[in-house]
Amino acid sequence: MPEEPTPSRQGGDDAPSGGIGRVLQHVSVLVVDDEPGMRNFLVRTLGPRCRRVEAAGSAEEASRLLDVHHFDLVVLDNVMPGQSGLDWLAEQRRVGFFAEAILMTAYADLETAIHALRVGAADFVLKPFRSNQILNAVARCMDQRYLRRENFLLKYELRTDRMAAQGRLIGRSPRIEAIRKTLERLAPLPTPVLFTGESGTGKEIAARTLHAMSDRADKPFVPFNCAATSPDRMAAELFGGDGAAGRDGLLLNASGGVMLLDEVTELPLPVQATLLRVIEDNRIRPGASEREVPLNLRFLFATNADLEKAMEQGRFRRDLFHRINVLRVEMPPLRERVGDIAELAELFVGKFARQLGVPPLKLSEGVLLNFARYRWPGNVRELRNLIERSLILGEIPPEFADDGERAGGEPTESLHAVERQHILSVLEACGGNRAEAARRLGVSRKTIDRKCAMWNV
Ligand SMILES: Nc1ncnc2c1ncn2[C@@H]1O[C@H](COP(=O)(O)OP(=O)(O)OP(=O)(O)O)[C@@H](O)[C@H]1O
């Protein structure tokens, strides 16, 4: 699967433009022609501009190369001894060939053209041709491939409603700062990462942030919710098969980028076995094809379930667990980082006011204190939904409303809330170390323990 540059300007026979050059530099090409002169010409023309170019003098040699390497495109002569280029291409499609193909021919009659369409050749180049003609044909063909893939992934994202989790990781609390630092360290590695934490704590947002920090940032990020797909469709969606997922499946379409498998404990056991093989070998057999093709994909995983328990119950493979549990990022619940609530809440107010076309609500000190007091079992997602609901209704729900404003003030209640917020934020700054928090606050450790027990922290 190709890397993913921006589509180039469509060219005629002019010299390759900068746009075309950008497309070509990501492409790996296999040239198949029995004539050494033509092979050399193509390698000389494509070699300096493409990421990788290899040449085969026969259909058999080409098949062997396809077994070992990934190519985005095959440039193929139609007339070769033994087997025509088109017959070879048809056979490869059956075995497992997911790349593009351009056919070179001296004479394109209608029958050849129809045959070429049927076996999925993207273009014809009539011999003899100039170097710019083949360069333009390659760039055009790859442009169409990138657009098809982009379209496939966007449709998937819309179908699965994954747009809500887009955005960046908000928060300046020590816990979130520490997570940001960890993500920076993990971003350049190829290793899988496992995100754990309660529902709505931002595991997907953190995974997207890691992708954005990595050298795969301009390649696809494909989130897959294992709990939202029926178990009997899952293998086809991921690894390819017939139907909506397309023969090549999500993994191959995400190739070059990052795949997030969310709610990973929901993967059926047979899919876990296939996935383990794919991760270990970096190879995939799309749509159960005969040929395994190389796969360049970074895997991220997320779960809010207890993986250890899932293993004990035989629902999750131990070997897969050890493979995905190399690097772990634990997302803290919102109640343990109350210092982030105000920033998140303000951000959601601005976002939903714009989206809904309604005036923003002012979040008074009292409302923020009530937010800080609440336990947020649904974490950031719950806060986000509460703000959206409040903007639609035009007011903060009564359980969070500012008592001070409405009832003329309740100083003891407010004082209690201020004290709670202050102690919790100092505790947070100390990474949960109660002895250190007590020292900084100038109170006894016992006082902190008593307060924490009272607040259920
Ligand atoms: N730190 C954050 N900054 C900005 N938005 C956040 C943050 N954390 C969570 N959100 C928002 O909260 C919602 C839930 O986040 P996300 O889907 O990443 O959580 P999750 O932990 O993956 O949840 P689940 O376990 O249910 O899949 C999203 O709308 C996301 O935009």
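**Exercise 1. Determine how the residues of the shell around the ligand divide by character, and which come nearest.**

*Solution.* The shell divides into seven nonpolar, eight polar and five charged residues. In this classification, Ala, Val, Leu, Ile, Met, Phe, Trp, Tyr, Cys and Pro are nonpolar, Asp, Glu, Lys and Arg are charged, and the others, Gly among them, are polar. Next, consider proximity: of the 20 residues around the ligand, the nearest are Ile170, Gly202, Lys203, Glu204 and Val380. A residue is near a molecule if its C-beta atom, placed from the backbone, lies within 6 Å of it. Finally, assign the shell to elements: α8 (203–213) and α16 (379–393) each contribute at least two residues. Helices (H or I, at least four residues) and strands (E, at least two) are DSSP runs, numbered from the N terminus.

The structure is a predicted model, in which local features need pLDDT of at least 70 and side-chain atom pairs count only at pLDDT 80 or more, while totals for chains, interfaces and linings use all residues. Residues are numbered from 1 along each chain as its sequence is written.

**Exercise 2. Describe the burial and the pairing of strand β3 (residues 73–77).**

*Solution.* Begin with burial: five of the five residues of β3 are buried, that is, 20 or more other C-beta atoms lie within 10 Å of the residue's own, with C-beta atoms placed from the backbone. Leu73, Val75 and Asp77 cover one side, and Val74 and Leu76 the other.

Then examine the partners; two strands pair if DSSP finds at least two bridges between them. Strand β1 (residues 28–32) runs parallel to β3 and is joined to it by four bridges, with Val32 opposite Leu76. Strand β4 (residues 100–105) also pairs with β3 in the parallel sense, over five bridges, and here Val75 stands opposite Ile102. From β3 the chain passes through helix α4 (residues 85–95) to β4 in a right-handed β-α-β crossover; with the strands pointing away from the viewer, such a path from the first strand over the helix to the second runs clockwise.

**Exercise 3. Identify where confidence in the protein chain is highest and where it is lowest.**

*Solution.* The mean pLDDT (the predictor's confidence in each residue, from 0 to 100) is 86 for the protein chain, and 89% of its residues reach 70 or more. By element, strand β6 (residues 193–196) is highest at 98, whereas helix α17 (residues 403–407) is lowest, at a mean of 52. For the model as a whole, ipTM is 0.95 and pTM is 0.74.

Technical notes: Buried ≥ 20, exposed ≤ 12 C-beta atoms within 10 Å, placed from the backbone.
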